[in-house]
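Open the structure in your viewer and keep the selection panel at hand. The tour goes from a whole chain down to a single residue.

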Amino acid sequence: MIDGVRDAQGVVSVVQAAVTRHGATAEALVPVLKEINDELGYLPAEALAEVSRLFRMPKGQLMSVASFYHMLSTRPRGRHVIQFCESAPCHVVGGREVWQALQDELNLGPGDTSPDGTWTLVTSSCLGICGVGPVIIVDGDIYGNVVPERVPELLARYA
Amino acid sequence: MKFVRSLVLVSSDPDSLARGAQEVHERLQREIQSAGLQEEVAVVPVGDLGRHGAAPLIVVYPEATIYGPVTPDDVPLLVEEHLRKGRIAVGLRASARELSGRIAWLSARRGTLPAEQRIVLARAGLIDPEDIEDYILHDGYEALGKALTQMTPVDVINAIGKSGLRGRGGAGFPTGMKWRFVSQTDSYPKYVICNADESEPGTFKDRLILEGDPHSIVEAMTIAGYAVGASEGYIYVRGEYVLAQERLDKAIDQARQMGFLGEDIFGSGFNFDIHIHTGAGAYICGEETALIESIEGKRGEPRARPPYPTTHGLWGKPTVVNNVETLANVPPIVRNGASWFRRFGTSNSPGTKVYTILGNVNVTGLVEVPMGITLREVIAIYGKGMKDGATFKLAQTGGSSGSIVPSSLQDTPMDFDSFARAGVSLGSGALLICNEDTCVVDLVKVLLNFFRRESCGKCTPCRVGTERAHQILTSLSEGTAELSDLRDLETLVDGLSQLSHCGLGQTAAVPIRDIFKHFRAEVEAHVRLKICPTGACSMSGR
Ligand SMILES: Cc1cc2nc3c(=O)[nH]c(=O)nc-3n(C[C@H](O)[C@H](O)[C@H](O)COP(=O)(O)O)c2cc1C
């Protein structure tokens, strides 16, 4: 998460650490971007500028790659990120009602961040945990077999 | 459904009817009546049971014994022996040649249901996946040793070819043939890629193999490298699969330390090493050429094929791309031989298949069973029946890349060829079982939402077609669609399947085509009557 403490220099050092680990070859690009995103919560412009310099890659080309993958974000996200699985296996076992419950609580569209910066709600094509649908993930914590009544209590844990 | 002691299925597809299925059916009913068994035995004419060489076929449950080809004159013996006395009418069983794998499996599992046949998941859950010694104790790296010390690369390819192993990534391409193509090109270096991108909704079989038995993939890739002449391999792991990545990392380290990876493996002069490459969230990167683009640090957009990766793959070099489950079959085949492998499954689709069972059944989860099991068996045996005693309406197979299989096809054997003949496909192994409360419009709307999101945008038929199809399905579910929208939707199906650049757009058309074919009345009710027969759609715009 970017927490305000991390200044431009901090961002650059995160990029450099990732490049030290993976290298700056073409095949390292996506893993490097992913690591920076994991570390900072998203890919700030400063980070992309540094990647562009180290990989000797035009920023436009870099943006086209960074914007392609769902796990990379070029926009800041809220303090807590909720991923909702909208795949068919979750849908047929009650996913739709869980989505409604999330809406009732947060009133956010897919991809939106709440004005106070607390929540970002994203939808996912499939989270790969299909045996226990409906599934939501909050900041990496997985919740399976979710029923609508449980949603307020789940979110309260993070508030 | 009335509770009966035995359920007798009679194949009644055109092929079987041409060979006298109708007479067999009538004779069965008469004989059952005269034996006074009509309250205990139900006879159901069903569609294609496969095994055309042995039609007409009869399958008797719960024993799942197959008889065929059955003539009307065989019927009295069958009724007397099997249905009255409860023992198998030996002389009548379909010929061993025709049904060998299936019979072997059926007799093996008799009385021990629900048994599975585990080849690729044999060790998962039994060994410590982080301990190479445990793997070695359970036959691990024996196949690699055998390949490198007793077999030439051509021997290995021949063994895989003879086994009949077909790709488990969805398309069912013969693995031996793929390896042969790569081995025959003389452009170097060559690469082996394990496709562990598994992003099909409802599919998590590869994850369980990677988490439960990571060394089997390391071993298989090394064998593949030896067979085709590659010295480097990549495992492309889905970004979300963190535990699988960690386990693979450990496995590769341990294998290097033990000398199963690296230089001069088993003193054979053969060198091989493996890199892990993690994805960053994009379903399309499971498509082999998009996957290769992604490793090369680009947007994961599929390339034009041909040329195929077998000649122009990673960095433009010859490349084997195989699915995790496909590879997991390789060490057992090398160890036990091709004919051992052919004892399982069917003659055109030997071996087992790992399925994930999901949806409205009592037990969801993952099973590994021989190719050729039926949906009815999967639901009854492994799913422990429909949840709340509901009625089975349809199964959506293979994540999103499969078909919508109506209940009328629940007795069709699930193998590549039988499914293809019935006009459906297996996909990647997910079986989403749906009850009668499932609205086909609502379900396909959700599927199209998936394709719409995951379309990479490179080609227009897919980018625009999936978006527009989703719009129409949404208006159907809201009760605002016109009849002309249905026509548009059917036109879109043709456009998607014929003009899309890759399998994503092509398969996006499949579920729409399937509901027009099997559930047309239900779809049209949303337009003509503005009602959703199951009540699932809100029809709010009506
Ligand atoms: C849109 C799309 C997605 C795919 N996703 C996967 C996947 O996640 N895993 C996989 O093994 N194959 C996937 N495939 C199939 C691969 O292109 C390729 O056929 C497969 O990896 C070959 O391996 P096999 O011969 O062992 O099946 C996908 C294909 C398409 C068109």
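Helices here are DSSP runs of H or I with at least four residues, strands are runs of E with at least two, and both are numbered from the N terminus. Keep in mind that this is a predicted model.

**Stop 1: chain B.** Select chain B and colour by secondary structure. You should find 22 helices and 14 strands. Turn the C-alpha trace along its principal axes: the spans are about 75 × 60 × 40 Å. The radius of gyration is 25 Å, which agrees with the value near 24 Å for a compact globule of 542 residues.

**Stop 2: surface and interior.** Switch on the surface of chain B. About 19800 Å² is exposed, and carbon and sulfur atoms supply 51% of that area. Buried residues account for 62% of the chain. Among contacts with a separation of 6 or more, 71% join residues 24 or more positions apart. Now colour by charge: 56 side chains are positive and 65 negative, with the centres of the two sets 4 Å apart.

**Stop 3: B:Ser199.** Zoom to the loop between β5 (191–196) and α9 (205–212) of chain B; B:Ser199 sits there. Is B:Ser199 buried or exposed? Its relative accessible area is 12%, under the 20% cut-off, so B:Ser199 counts as buried.

**Stop 4: around B:Ser199.** Show the contacts, leaving out neighbours within four places in sequence. B:Arg238, B:Ala282, B:Tyr283 and B:Phe450 appear, along with A:Cys126 from chain A. Pick B:Tyr283: its C-alpha is 5.4 Å from that of B:Ser199, across 84 residues of sequence. Finally, select B:Asp197. Its backbone oxygen lies 2.6 Å from a polar side-chain atom of B:Ser199.

Methods. Residues are numbered from 1 along each chain as its sequence is written. Chains are lettered from A and ligands numbered from 1 in the order in which they are written. This is a predicted model: local features need pLDDT of at least 70, side-chain atom pairs count only at pLDDT 80 or more; totals for chains, interfaces and linings use all residues. Side-chain values use heavy atoms; hydrogens and water are left out. The radius of gyration is taken over C-alpha atoms; the globule rule is 2.2 Å times the number of residues to the power 0.38. Buried means under 20% relative accessible area, exposed over 50%, partly exposed in between (1.4 Å probe, protein chains only). Contact means heavy atoms within 4.5 Å. Accessible areas come from the Shrake-Rupley method with a 1.4 Å probe; for residues, only the protein chains shown count as cover. Lys and Arg count as positive and Asp and Glu as negative; His and the chain ends are not counted. The place of a charge is taken as NZ of Lys, CZ of Arg, CG of Asp or CD of Glu. A polar contact is a pair of N or O atoms within 3.5 Å; within protein, one must be able to donate a hydrogen and the other to accept it, and residues adjacent in sequence count only if both atoms are side-chain atoms.
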